[in-house]
Amino acid sequence: MHTFNLDMEHITKIEGDASISVKVENDKVTDVKFRTIEYKRFFTEAMRGKSVMAIPAHLSRICGTCSNAHIMAAIEACEDALGLQPSEQTEVLRALTMHGLIVRDHALHLYLFSLPDIYGKDSFLDFDESDPDQHQMLHDGFAIKAAGNFLATLIAGRSVHATYPMIGGFLHFPDKVGIDEAVKKLEEIRPAVLRIIQKFKDQPFHFDRKTHYMGLVPDGNFGYIKGFVKTSTGKVYNEKEYHHLLHHVVLPYSQASAYDYEGESYLVGSLARINIAKEKLHPKTKESIPEVLALFPSTDIFHNNLAQAIEILHSVDEAVDILTTRIFTPEPLKKAPNRDAVGIGVVEAPRGTLYHKVVLGADGVIKEGEVIVPTGQNQINIEQDIGRLIDGLIANGVEREKMPFEMEKLIRAYDPCMSCASHFLKVEWK
Amino acid sequence: MAPNKKIAIGWFSFSCCEDSTIVFSELLNDHWKEWKELFDFRHVKVLKSNNIMDAFDIAFIEGAIASPEHVERIKDIRSRTKKLVAIGACAVTGLPAGQRNNFTKEQKERIAFLVERFGALPEVKTVAQVVQVDASVPGCPMDEKKFLEAVTALVTELRPELAQPSPAHA
């Protein structure tokens with residue numbers, strides 16, 4: 001019988017800084033703590049006293065990689081408070097902004113963070129260019145990232161902290177040259193996306209544990225901005241009801257918050273979205289990978305990587321469809337008078353459901369706000385999975401030295417974002 | 001031991017949203033081949049697990065300094081590197097990571113227990129307030145062009161023989 005602690009500081013190849021500690025007593029895991037070690041930057045407190053117009057750019061700075069998702073959620077919350085209905089074209093441009101983000105962000109996670117584990121390499125840059133398969137992966141990875149980056153830049157001005165999307169519309173509209181170039185790049189990477197889907201379908205890692213999951217399901221096509229929150233138990237919630245849906249859990253050891261659903265842990269992100277809404281994927285996506293989609297719904301957390309790869313394909317197909325069939329015409333920003341109101345914005349960020357809330361005053365100044373990020377919702381699930389993983393490894397006689405890598409791999413599959421996770425403790429928490 | 005021919009770089013994130021890390025990862029789309037030859041990525045947490053904390057030619061520092069532990073760490077990095085570059089708004093201006101410095105009295109009172117509980121500094125600092133900075137790349141996120149210019153200038157200074165072709169014009 002063994003009693004020991006496993007501690008990992010500064011987990012690598014994830015967004016932001018996290019650590020994990022596991023306590024094992026007599027061959028049983030008795031405690032798991034997954035912590036963000038980022039210092040709080042107090043974004044929600046800093047919302048107080050700011051003009052409503054400044055909120056999207058402000059909340060964007062919560063996170064580098066998901067910044068454009070924070071902008072979309074914040075705009076939705078502010079428009080909800082103002083009673084402002086965006087134009088149909090604005091909604092399409094926002095959808096395209098999210099497609100650019102999904103392609104770029106998922107490709108970063110799949111190629112730079114997760115793929116090296118499959119190949120037994122320390123870094124994506126260590127891939128051997130003289131090996132045809134590894135050479136292909138290197139070129140595919142950077143080409144997909146670049147195409148997503150190009151799309152985000154064309155539509156939103158930048159792929160990080162976008163400058164064109166505003167409350168009420170967009171400041172700039174894509175031109176024909178840019179649209180043609182984006183379509184060309186997206187069509188060029190489609191075979192590479194199919195290759196990475198195959199790669200993650202065939203990857204050797206599996207960790208299955210039945211758990212709840214939930215995500216925003218749109219009325220129409222698979223997407224990331226509109227819809228109702230649907231759970232794996234089949235319940236459907238209006239996004240404004242999130243306070244009844246999610247229960248806040250205090251983590252005294254972390255600078256982050258956690259949430260549960262009906263007293264149990266749940267997961268959000270690509271895996272949840274594909275599980276809940278795979279029928280709504282683009283017809284071309286469904287046609288190309290029927291045998292892959294047959295694997296879902298799944299609770300194998302390593303299928304989160306596969307689900308991300310599927311979402312890249314959907315976003316490519318959807319974006320090409322939109323860009324080749326629509327004409328974009330400049331339109332002015334819609335405006336509405338300030339009023340006393342609460343606004344809620346919910347979007348599917350790359351890592352899962354993201355909630356923003358603003359309390360607006362009649363003077364146009366924000367009284368208070370709230371942000372709930374995906375990683376906070378996955379927190380309890382991650383800890384429970386790590387406990388189960390280590391128990392299983394001990395039972396199978398795996399040496400202790402091999403355990404940290406196994407933990408890191410599983411955490412990476414969740415694609416946590418610690419930059420996001422660190423800021424949202426409720427103030428009454430003591 | 002033979003001298004390391006490549007330029008040893010480290011990329012370190014302090015209090016920030018890591019947006020410049022993302023911009024750096026996007027710059028790799030166009031520059032990865034050339035940078036693989038030019039740089040020894042000694043400590044780049046976003047790219048690899050086996051990070052080595054020894055001596056660096058260039059250390060890129062993203063983020064503001066928010067805790068005593070950050071102060072120790074940045075001093076340690078400074079002692080190991082020939083050149084230190086502050087990257088992005090939080091490192092260069094301290095904002096927005098240090099927005100609590102400018103909070104009202106009421107706001108400061110509301111967050112005081114959290115600042116104290118996790119042992120953060122009373123005031124968030126810029127990198128230059130703690131250690132000597134050799135170059136700065138401002139922007140939120142960092143300005144790509146200015147980053148490439150800074151890299152070219154440092155490569156030219158540290159290893160003139162490696163400076164052709166320059167990263168900015170490859």
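Colleague: Two strands pair if DSSP finds at least two bridges between them. Which four strands form the open sheet in chain A, and in what order?

Modeller: The order is β8-β7-β6-β11 in chain A, with mixed pairing. Strands are DSSP runs of E, at least two residues, and helices are runs of H or I, at least four, numbered from the N terminus. One caveat: this is a predicted model, where local features need pLDDT of at least 70 and side-chain atom pairs count only at pLDDT 80 or more, while totals for chains, interfaces and linings use all residues. Residues are numbered from 1 along each chain as its sequence is written, and chains are lettered from A and ligands numbered from 1 in the order in which they are written.

Colleague: Which are the edge strands?

Modeller: β8 (236-237) and β11 (266-267) of chain A, each pairing on one side only. β11(A) is joined in the parallel sense to β6(A), residues 212-217, over two bridges. There, A:Tyr213 has A:Leu267 as its bridge partner.

Colleague: Which helix packs on the sheet?

Modeller: Helix α8 of chain A, residues 270-277. This helix touches β6, β7 (228-231) and β11 of chain A, and its direction makes about 75° with that of β6(A). Axes are lines fitted to C-alpha atoms, for helices over the stretch in contact, and angles run from 0 to 180 degrees between N-to-C directions. Contact means that two C-beta atoms, placed from the backbone, lie within 7 Å.

Colleague: New topic, the start of chain A. Which side chains along β2 of chain A are buried?

Modeller: A:Ala18, A:Ile20, A:Val22 and A:Val24 are buried and point to one face of β2(A), residues 18-25. A:Ser19, A:Ser21, A:Lys23 and A:Glu25 point to the other face and are not buried. Buried means 20 or more other C-beta atoms within 10 Å of the residue's own, exposed means 12 or fewer, and partly exposed is in between, with C-beta atoms placed from the backbone. In a regular strand, side chains alternate between the two faces of the sheet.

Colleague: How many bridges join β1 to β2 in chain A?

Modeller: Five, with β1(A), residues 4-8, running antiparallel to β2(A). A:Phe4 has A:Val24 as its bridge partner there. On to β3(A), residues 28-36: β2(A) pairs with β3(A) in the antiparallel sense over eight bridges. A:Glu25 faces A:Lys28 across that pair. The hairpin has two residues between the strands, and A:Asn26 takes a positive phi near 50°.

Colleague: What about cysteines? Which ones does UniProt list for "binding site"?

Modeller: The UniProt record, an unreviewed entry, lists A:Cys66 and A:Cys420. They are spread over 355 residues of sequence but cluster in space, with a largest C-alpha distance of 8.3 Å. UniProt positions follow the numbering used here, feature names are shortened, and annotations may be inferred rather than shown by experiment.

Colleague: Where is A:Cys66, and is it buried or exposed?

Modeller: A:Cys66 is in the loop between α2 (55-60) and α3 (67-82) of chain A. A:Cys66 is buried because 30 other C-beta atoms lie within 10 Å. Leaving aside neighbours within four places in sequence, its contacts include A:Asp105, A:Arg351, A:Cys417 and A:Cys420.

Colleague: And which helix holds A:Cys420?

Modeller: α14 of chain A, residues 418-421. A:Cys420 counts as buried because it has 32 C-beta neighbours inside 10 Å. Beyond four places in sequence, its contacts include A:Ile62, A:Cys63 and A:Val373. The same UniProt feature, again from an unreviewed entry, is placed at A:Val371 and A:His423. A:Val371 lies in β14(A), residues 366-372.

Colleague: Switching to chain B. How many helices and strands does chain B have?

Modeller: Five of each. From the N terminus, the elements run β-α-β-β-α-β-α-α-β-α. The radius of gyration of chain B is 17 Å, close to the 15 Å of the globule rule for 170 residues, so chain B is as compact as a globular protein of that length. That radius is taken over C-alpha atoms, and the rule is 2.2 Å times the number of residues to the power 0.38. Buried residues make up 47% of the 170 in chain B.

Colleague: How many residues does the contact take from chain A and chain B?

Modeller: 37 from chain A and 37 from chain B. On the chain A side, α5(A) gives the most, with four residues.
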